[in-house]
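Please look over the sequence and the structure below before reading on. The paragraphs that follow lead through them part by part.

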Amino acid sequence: MEQIYTIPVGEAFDEVGAKSECGCPFCVLYRRLQNDELDIILGASMMEPDIRMKTNEQGFCLSHYNMMLRRKRMLGMGLMLESHLVEVEKKIDGPTLLGSKAQASVGALERLNGDCYVCSRIEKNLTAMISTAVYLYESDFDFRERFAKAPYFCLPHYKRMIEYASKKMSKRIFKEFYELCHGIEKKYVTELRGDVSWFCKKFDYRYDEEPWYNSKDSVQRSIKFLSGELGLDD
Ligand SMILES: [Zn+2]
Ligand SMILES: [Zn+2]
């Protein structure tokens, strides 16, 4: 088990347990990983040959290009793009092997369009963090209490966590784990539905005098719940 993730995973659960508006613990970890990766990529290691080779090959997705633009390290971005575009030009040309160049180029470009250096780095670490949470739940009683305080899991992370746990945990512990997670998720979605319904009612003049209760940001919270905060910069 990768011990290096034990502390950050525990801290993310403590953070959302203490402050429910922080939301999904894995989204907290995602944002942290994303910030670290962007700092690294625009910092000194941008010029490191092994990282450079990967960024040349993979490029970045639009939301990560936008986050990099907001950090205003324009020379760094220019240098990175200068060598990335060399690789892109090769993909436009298609490989020199026999067969249809157009077809080969389409294949290479399809892979490139779906790729992002930052996304793939985050993904690798986040997968290990989800495994760590599942492992800690199984092996550490103290962590179970911290885990149980999570306000909710966003749907993409909930699905991944349950899927992983169902394969890795013993049947008996998984049953208990699933009941807990399902209970957390069910409670949150029920509240959220109530808040969204109230939000819609508030547009009816007959409800003008009524308070908003917890519904004012229910549309934003629904999106956060449904999709995670994966695309948001902080
Ligand atoms: Zn999440
Ligand atoms: Zn990306």
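P49 is exposed, since its relative accessible area is 61%, where exposed means over 50% relative accessible area, buried under 20% and partly exposed in between, as found with a 1.4 Å probe on protein chains only. This residue, P49, has its place in helix α3, and helices here are DSSP runs of H or I with at least four residues, strands being runs of E with at least two, numbered from the N terminus. From P49 to R206 the distance is 65 Å, C-alpha to C-alpha, and the two are 157 residues apart in sequence. The structure is a predicted model, in which local features need pLDDT of at least 70, side-chain atom pairs count only at pLDDT 80 or more, and totals for chains, interfaces and linings use all residues. Residues are numbered from 1 along each chain as its sequence is written, chains are lettered from A and ligands numbered from 1 in the order in which they are written, and side-chain values use heavy atoms, with hydrogens and water left out.

In helix α3, the buried residues are I51, R52, T55, N56 and Q58. They pack against α2, α5, α6 (101–113) and α7, contact being counted between heavy atoms within 4.5 Å. After α3 comes G59, which has a positive phi near 65°.

The loop between α3 and α4 leads to one of the metal sites. The zinc ion (ligand 2) has C61 (SG), H64 (ND1), C116 (SG) and C119 (SG) as its protein donors, at 2.0 to 2.3 Å; donors are N, O and S atoms within 2.8 Å of the metal (3.2 Å for Na, K and Ca), and because water is not among the atoms, sites may look incomplete. C61 lies in the loop between α3 (49–58) and α4, whereas C119 lies in helix α7, so this pair ties together parts that are 58 residues apart in sequence. The spacing of the donor residues along the sequence is C-x2-H-x51-C-x2-C. C61 is partly exposed at 21% relative accessibility, and C119 is partly exposed at 28%. The angles among the 4 donor atoms run from 102 to 114°, and the site is tetrahedral, a label given to four donors if all angles lie between 85 and 135 degrees, while four count as square planar and six as octahedral if opposite donors are over 155 degrees apart and all others between 65 and 115, and anything else is irregular.

The zinc ion (ligand 1) is held in a site that is also described as tetrahedral, with angles of 96 to 116° among its 4 donor atoms. Its protein donors are C24 (SG), C27 (SG), C154 (SG) and H157 (ND1), lying 2.0 to 2.4 Å from the ion, and in sequence they follow the spacing C-x2-C-x126-C-x2-H. Both C154 and H157 are buried.

Next comes the interior. The largest nonpolar core has 54 residues, among which M161 and F177 have the most contacts inside it; such a core is a set of buried Ala, Val, Leu, Ile, Met, Phe, Trp, Tyr and Cys residues joined through side-chain atoms within 4.5 Å. Two or more residues of this core come from each of α1 (6–18), α2 (25–42), α4 (62–70), α5 (74–93), α7 (117–139), α8 (141–148), α9 (155–168) and α10 (171–201). The most is given by α7, with 11 residues. Leaving aside residues up to four places away in sequence, F177 touches V134, Y137, F147, M161, I162, A165 and M169.

Helix α1 also holds E15, which is partly exposed with a relative accessible area of 30%. Residues up to four places away in sequence again not being counted, E15 touches C22, V28 and R32. The C-alpha atoms of E15 and Y178 are separated by 22 Å, and the two residues are 163 apart along the chain.

Two loop residues remain. K72, in the loop between α4 and α5, has a positive phi near 55° although K72 is a residue other than glycine, and K72 is exposed with a relative accessible area of 67%. Y213, in the loop between α10 and α11, likewise has a positive phi, near 50°, and is exposed with a relative accessible area of 61%. Most residues other than glycine have a negative phi.
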